[in-house]
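Student: Hi! I have a new structure open and I'd like to walk through it with you. Can we take it one topic at a time?

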Amino acid sequence: MQPSAHSPLYSLEKMTDLVAVWEVALSDGVHKIEFEHGTTSGKRVVYVDGKEEIRKEWMFKLVGKETFCVGAAKTKATINIDAISGFAYEYTLEINGKSLKKYMENRSKTTNTWVLHLDGEDLRVVLEKDTMDVWCNGKKMETAGEFVDDGTETHFSVGSHSCYIKAVSSGKRKEGIIHTLIVDNREIPEMLE
């Protein structure tokens, strides 16, 4: 008897070759990447947010790499499969050609992230400092930039709420520009990812 797609036996069978899970924070949200590697069959399956992106059965070569895209901006991701000893394997994830750790360190310099609760909903607002693009829960927002006395304001709205990101010089070269999210005239603390 074949287990049906809804039986617990099926999901257990499906995930027995699961060898790695990563969470990747991009501007459009936090994405979950799962990798199955059958070390006897050579099977390789990549899931992004639960959706199958790559499936290869019966791969003769057990090491190598799989490349795919993640998120709305189609960010390039690569899983590297390396043998470390005998039948042990190491799996590393690269985003845009950088190790996940390096990518996230660089990202913390190029983006600001705020998490807030509005109208009973959790919101994740991301500012991409290089382009001044603003993302809210996976959607790129329509924005309007405005010069003010002490810097700039990037205005957008979420539902009936008026929001803006204020950019002000810190006056210190090392710190650069300080970005602050204001929602309904209230400052939202930044979240470190």
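**Talking through the model**

Tutor: Let's begin with the contact between the two domains: domain 1 and domain 2 bury about 480 Å² between them, and carbon and sulfur atoms give 53% of that area. Keep in mind that this is a predicted model.

Student: Why do you give an area for that?

Tutor: Because the size of an interface is often given as the accessible area lost when the parts come together.

Student: OK, and where are the domains in the chain?

Tutor: Domain 1 covers 18–102, and domain 2 covers 109–188.

Student: How many residues does each one put into the contact?

Tutor: Seven residues come from domain 1 and six residues from domain 2. The centres of domain 1 and domain 2, taken over C-alpha atoms, are separated by 32 Å.

Student: Let's switch to sheets. What is the strand order in the open sheet of five strands?

Tutor: The order is 13-14-15-16-17, and the pairing is antiparallel. Strand 13 (144–148) and strand 17 (186–188) are the edge strands, each pairing on one side only. From one strand to the next, the twist averages 30°.

Student: How many bridges are there between strand 13 and strand 14?

Tutor: Five bridges, in the antiparallel sense, with strand 14 made up of residues 151–158. You can find two of the facing pairs on your screen: Phe147 stands opposite Thr152, and Glu146 has Glu153 as its bridge partner. Strand 13 and strand 14 form a hairpin, with two residues between them.

Student: And what about strand 14 with strand 15?

Tutor: Those two run antiparallel and are joined by eight bridges, where strand 15 is residues 161–169. One of the partner pairs is Gly151 with Val168. Strand 14 and strand 15 also form a hairpin with two residues between them, and Gly159 in that turn has a positive phi of about 60°.

Student: Is a positive phi common or uncommon outside glycine?

Tutor: Most residues other than glycine have a negative phi. Still, this model has some with a positive value: Asn96 has a phi near 50°, and Asp119 has one of about 50°.

Student: Where do Asn96 and Asp119 sit?

Tutor: Asn96 is in the loop between strand 7 and strand 8 (98–99). Asp119 is in the loop between strand 9 (111–118) and strand 10 (121–128).

Student: Is Asp119 buried or exposed?

Tutor: Asp119 counts as exposed, because its relative accessibility is 61% and the cut-off for exposed is over 50%. Asn96 is partly exposed, with a relative accessible area of 46%.

Student: New topic, aromatic rings. How many aromatic pairs does a search of the whole structure find?

Tutor: The search finds one. The pair is Phe35 with Tyr91, with 5.7 Å centre to centre and 65° between the planes, and its geometry is edge-to-face.

Student: What does that pair tie together?

Tutor: Phe35 lies in strand 2 (residues 29–37) and Tyr91 in strand 7 (residues 88–95), so the pair ties together parts that are 56 residues apart in sequence.

Student: Are those two buried or exposed?

Tutor: Phe35 is buried, with a relative accessible area of 0%. Tyr91 also counts as buried, at 17% relative accessibility, because buried means under 20%.

Conventions. Residues are numbered from 1 along each chain as its sequence is written. This is a predicted model: local features need pLDDT of at least 70, side-chain atom pairs count only at pLDDT 80 or more; totals for chains, interfaces and linings use all residues. Side-chain values use heavy atoms; hydrogens and water are left out. Rings of Phe, Tyr and Trp (its six-membered ring) pair if their centres lie within 6.5 Å; planes under 30 degrees apart count as stacked, over 60 as edge-to-face and the rest as tilted. Helices (H or I, at least four residues) and strands (E, at least two) are DSSP runs, numbered from the N terminus. Buried means under 20% relative accessible area, exposed over 50%, partly exposed in between (1.4 Å probe, protein chains only). Two strands pair if DSSP finds at least two bridges between them. Axes are lines fitted to C-alpha atoms, for helices over the stretch in contact, and angles run from 0 to 180 degrees between N-to-C directions. Domain bounds come from an automatic or database domain assignment. Contact means heavy atoms within 4.5 Å. Buried area is the accessible area (1.4 Å probe) that two parts lose on being put together, summed over both.
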